[in-house]
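Q: I'm new to reading structures, and I'd love a close look at just one part: the inside. Could you walk me through it slowly?

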Amino acid sequence: GAPLPAVRPAGLRSECRAGFHALERGWARRGARRFPAPDRLDADIERVLSGAIELGGHSRAHLGGTSIHYDPGEEGRAGPLVARALASLCDVDHIARRRRENYQRWSRAVQGLPRCRPFFASLPDDCVPYMFPLLIDEPDTHFYVLKQLGMPIWRWDDMAESSCAVSQHLRDHLLHLPCHQALTDQEIDWMISAVAKVMRLAPLRPE
């Protein structure tokens with residue numbers, strides 16, 4: 001086959017930007033908000049439910065051409081040295097083990113909870129998850145309350161609407177629960193307690 005094109009160095013600007021972002025993310029993690037104690041959850045849930053549920057609006061936009069994240073000027077450039085150095089220092093086995101442990105902890109925690117079920121309850125031996133997928137029955141109530149409590153969860157609701165019933169259902173009903181390797185026991189305990197309490201709430205309708 002044809003030889004691969006030569007890779008250009010990242011350049012001073014890219015190296016500086018990568019270094020700045022690494023430091024910024026490190027400091028942000030150091031100063032990240034710690035979740036409150038689980039015994040405050042009842043009061044926090046009551047506070048959220050004391051107001052009306054406000055659902056987000058839906059809109060659709062068509063973006064022609066390439067992704068807004070694509071930069072033609074970066075074609076053929078090597079990754080920044082900072083990124084490669086950080087990657088070489090990572091304990092990949094530890095990261096994989098912690099993510100799997102946190103996933104399995106979520107799997108045990110949601111067993112028996114009403115109005116939800118794990119999308120994949122178990123992991124293949126060679127799988128390292130980026131999140132724990134939880135399928136919920138009442139997104140208008142439960143996703144809203146969890147978000148208002150400060151739960152770091154996401155969905156695929158930024159995906160385009162389509163005629164596929166399965167993808168449309170998963171778009172709003174499938175939650176990403178964190179299983180990051182840096183989560184502390186206190187953070188996971190709070191999130192597990194929050195999900196357990198919120199899933200037991202009766203479905204509410206927005207006013």
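A: Let's start from the outside. The protein exposes about 13,700 Å², and carbon and sulfur atoms supply 57% of that area. Keep in mind that this is a predicted model. Of the 207 residues in the protein, 31% are buried.

Now the parts list. The protein has seven helices and three strands, and from the N terminus on they run α-α-α-α-β-β-α-α-β-α. If you take the contacts between residues at least 6 apart in sequence, 75% of them join residues at least 24 apart.

Time to go inside. The largest nonpolar core holds 33 residues, and W106, L146, L149, M151 and V195 have the most contacts within it. Two or more residues each come from α2 (41-49), α4, β2 (132-136), α5 (139-149), β3 (174-177) and α7 (185-199). The largest share, nine residues, belongs to α7.

M151 is a handy place to see these pieces meet. Leaving out residues up to four places away in sequence, M151 touches W106, L146, L177, W190, M191, A194 and V195.

Next, have a look at α5, which is mostly covered: eight of its eleven residues are buried. The buried ones are P139, T141, H142, F143, Y144, V145, L146 and L149. What do they pack against? The buried residues of α5 pack against α2, β2, α6 (165-173), β3 and α7. Right after α5 ends, G150 takes a positive phi of about 95 degrees.

So where do the strands fit in? The three of them form an open, antiparallel sheet in the order β1-β2-β3. At the edges are β1 (116-118) and β3, each pairing on one side only. Neighbouring strands are turned against each other by 30 degrees on average, if you ignore direction. Between β2 and β3, which run antiparallel, there are four bridges. You can find F132 standing opposite L177 in β3, and L177 is also one of the residues that M151 touches.

Helices pack on this sheet too. One of them is α4, which touches β1, β2 and β3, with its direction at about 25 degrees to that of β2. Another is α6, which touches β2 and β3, and its direction makes about 105 degrees with that of β2.

Let's zoom in on a residue of α4. N102 lies in this helix, which covers residues 92-110. Is N102 buried or exposed? N102 counts as buried because its relative accessibility is 4%, and the cut-off for buried is under 20%. Not counting residues up to four places away in sequence, its contacts are C179, H180, Q181, L183 and I188.

You might also wonder about the cysteines. How many disulfides does a search of the whole structure find? The search comes back with zero. As for how covered individual cysteines are, C116 has a relative accessible area of 9%, so C116 is buried. C90, on the other hand, has a relative accessibility of 39%, so C90 counts as partly exposed.

To pull it together, keep your eye on two helices as you turn the model: α7, which gives the core its largest share, and α5, which is mostly covered.

Technical notes. Residues numbered from 1 in each chain as written. Predicted model: local features only at pLDDT ≥ 70, side-chain atom pairs only at ≥ 80, totals over all residues. Heavy atoms only, no water. Buried < 20%, exposed > 50% of the residue type's maximum accessible area, 1.4 Å probe, protein only. Contact = heavy atoms within 4.5 Å. Core = buried A, V, L, I, M, F, W, Y, C linked by side-chain atoms within 4.5 Å. Disulfide = S-S within 2.5 Å. Areas by Shrake-Rupley, 256 points an atom, 1.4 Å probe, with all protein chains shown as cover. Pairing = 2+ DSSP bridges. Axes fitted to C-alpha atoms, helices over the stretch in contact; angles between N-to-C directions.
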